[in-house]
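Colleague: I would like to learn how to read a protein and its DNA from a model such as this one, taking one feature at a time. Could we go through it together, with the general idea before each case?

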Amino acid sequence: MPVTLTLSHFDPEQITQSGQCFRMVGVDGSTHELIAFGRCLRVTTLGGGRYRFTCTPAEMAALWRAYFDLDTDYAALLAAAPPDDAFLQQAIRRGHGLRILRQEPWETLCGFILSQRKNLKAIRLSMETLAAAYGAPIPGSARNAFPAPARLAACTEAELRALGLGYRAPYILDAARRVASGALDLAAIAALPDEALLAALMQVNGVGMKVADCVMLFAYARYRRAPVDVWIRRVIDQVYGGASPFAGYGAYAGIYQQYLFVRMRDGDVSV
DNA sequence: AACCAGGGGTACC
DNA sequence: GGTACCCATGGT
């Protein structure tokens with residue numbers, strides 16, 4: 001029983017390529033598939049702003065509406081961007097349809113631990129390899145769910161290194177042990193203010209400011225957090241003369257950051 | 001504070 | 001088919 005919705009500021013391809021999620025893929029010209037919540041969802045772009053989701057209305061209401069953050073008004077928050085910031089305005093025009101997802105904290109934490117010194121394709125490969133090895137099967141899909149913390153906590157470092165995780169293997173193991181033991185409660189810390197949430201995430205070995213900021217932005221909807229990776233470092237240095245613009249961006253700095261990230265990574269194509 | 005980590009992606013030859 | 005450099009970094 002699929003669901004069809006009319007949406008604005010929603011482009012599955014933009015979201016897939018944006019580098020915030022690693023298990024969403026294009027399966028043909030109009031359909032994207034993602035694994036989350038132990039399920040497989042397909043989204044088909046029908047045209048005219050209409051999209052078909054392969055889920056029930058109840059699942060849309062309980063899971064996917066929040067996941068895609070469909071109740072946040074992008075027209076309004078993008079209109080609030082500084083009008084005299086030419087590069088940001090251009091990035092927003094080019095990134096039309098890009099949204100910040102509200103992903104599951106555990107998978108997001110692992111994804112950005114793995115992202116260290118990897119490009120998007122390599123991160124995707126690591127996530128799929130991890131899921132194939134230790135994730136639970138999903139009925140009707142060839143892809144597995146992302147592995148539960150307890151399952152990874154039961155692995156040895158050597159087993160994780162054998163999947164190609166490299167020096168990140170002990171970081172994943174530390175995160176899995178903390179979460180599986182309850183020492184780090186990813187649901188409970190959602191109630192913390194930004195600084196305390198940041199500190200809680202950075203207790204994990206292998207999680208620095210940048211990875212913690214990504215988890216806060218892409219899983220906990222902390223829109224003020226603006227992660228600074230190599231691309232955003234280039235934006236700050238080459239476009240803004242070394243002075244970070246994010247302090248002046250207000251409550252949606254992290255969302256603007258995402259448009260700048262995609263704009264910089266995709267290069268200097270005109271307008 | 002410079003230096004290192006594992007390995008796939010990519011451009012260029 | 002080589003190979004040199006890059007990649008949503010963090011620890012030491």
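Colleague: Which atom of DNA strand C lies 2.4 Å from a polar side-chain atom of Gln258?

Modeller: Please keep in mind throughout that this is a predicted model. A polar contact is a pair of N or O atoms within 3.5 Å, and here the partner of the polar side-chain atom of Gln258 is a base nitrogen of DNA strand C, at 2.4 Å. Another base nitrogen contact involves Gln257, where an N or O atom in the side chain is 2.8 Å from DNA strand C.

Colleague: What part of Arg117 is 2.8 Å from a base oxygen of DNA strand C?

Modeller: In that case the protein partner is a polar backbone atom of Arg117, whereas for Gln257 it is an N or O atom in the side chain.

Colleague: How many residues surround DNA strand C, and which are the closest?

Modeller: A residue is near a strand if one of its heavy atoms lies within 4 Å of it. By that reading 26 residues surround DNA strand C, and the closest are Gly19, Leu120, Trp231, Arg234 and Gln258. Of the atoms of DNA strand C that come within 4 Å of the protein, sugar and phosphate account for 68%. The residues of this surface comprise eleven nonpolar, ten polar and five charged.

Colleague: Which helices each supply at least two residues of the surface near DNA strand C?

Modeller: They are helix 11, at 209–218, helix 12, at 230–239, and helix 13, at 253–265. Helix 11 gives the most to the surface near DNA strand C, with four residues.

Colleague: Turning to the other strand, which residues surround DNA strand B?

Modeller: The residues around DNA strand B are Arg117, Lys118, Asn119, Lys121, Leu125, Arg161, Gly166, Tyr167 and Arg168. Sugar and phosphate make up 47% of the atoms of DNA strand B that come within 4 Å of the protein. By residue class, this surface has two nonpolar, two polar and five charged residues.

Colleague: Which atoms of DNA strand B are 2.9 Å from side-chain N or O atoms of Arg117 and of Asn119?

Modeller: For Arg117 the atom is a base oxygen of DNA strand B, while for Asn119 it is a sugar or linking oxygen of DNA strand B. Arg168 adds a further contact, in which one of its polar side-chain atoms lies 2.4 Å from a base nitrogen of DNA strand B.

Colleague: Since Arg117 has come up for both strands, where does Arg117 lie in the chain, and is Arg117 buried or exposed?

Modeller: Arg117 lies in the loop between helix 5, at 105–114, and helix 6, at 120–134. Exposed means over 50% relative accessible area, and Arg117 is exposed because its value is 79%, a figure that takes in protein chains only. In its backbone, Arg117 has a phi near 50°, which is a positive value in a residue other than glycine.

Colleague: What is phi of Phe37, and where is Phe37 found?

Modeller: Phe37 has a positive phi of about 55° although it is not a glycine. Phe37 is found in the loop between strand 3, at 31–36, and strand 4, at 39–47. With a relative accessibility of 29%, Phe37 counts as partly exposed.

Colleague: How should one read a pair of packed helices, and at what angle do the axes of helix 5 and helix 9 cross?

Modeller: In general, two packed helices are described by the angle between their axes and the distance between the axes. For helix 5 and helix 9, the latter at residues 169–181, the axes come within 10 Å and cross at roughly 160°. Helix 5 is therefore roughly antiparallel to helix 9, and the crossing is right-handed.

Colleague: What is the angle between helix 10 and helix 11, and what word describes the pair?

Modeller: Helix 10, at residues 194–202, packs with helix 11 at an angle of about 120°, and their axes are 9 Å apart. Helix 10 and helix 11 are therefore oblique to each other, and their crossing is right-handed.

Colleague: Finally, how far apart are Met209 and Asn119, in sequence and in space?

Modeller: Met209, which has its place in helix 11, is 90 residues from Asn119 in sequence and 19 Å from it in space, C-alpha to C-alpha. Met209 counts as partly exposed, with 44% relative accessibility.

Definitions and conventions: Residues numbered from 1 in each chain as written. Chains lettered and ligands numbered in written order. Predicted model: local features only at pLDDT ≥ 70, side-chain atom pairs only at ≥ 80, totals over all residues. Heavy atoms only, no water. Polar contact = N/O pair within 3.5 Å; in protein donor to acceptor, adjacent residues only side chain to side chain. Nonpolar A, V, L, I, M, F, W, Y, C, P; charged D, E, K, R; others polar. Buried < 20%, exposed > 50% of the residue type's maximum accessible area, 1.4 Å probe, protein only. Axes fitted to C-alpha atoms, helices over the stretch in contact; angles between N-to-C directions. Parallel < 35°, antiparallel > 145°, perpendicular 65-115°, else oblique. Left-handed = near helix turned anticlockwise from the far one by under 90°.
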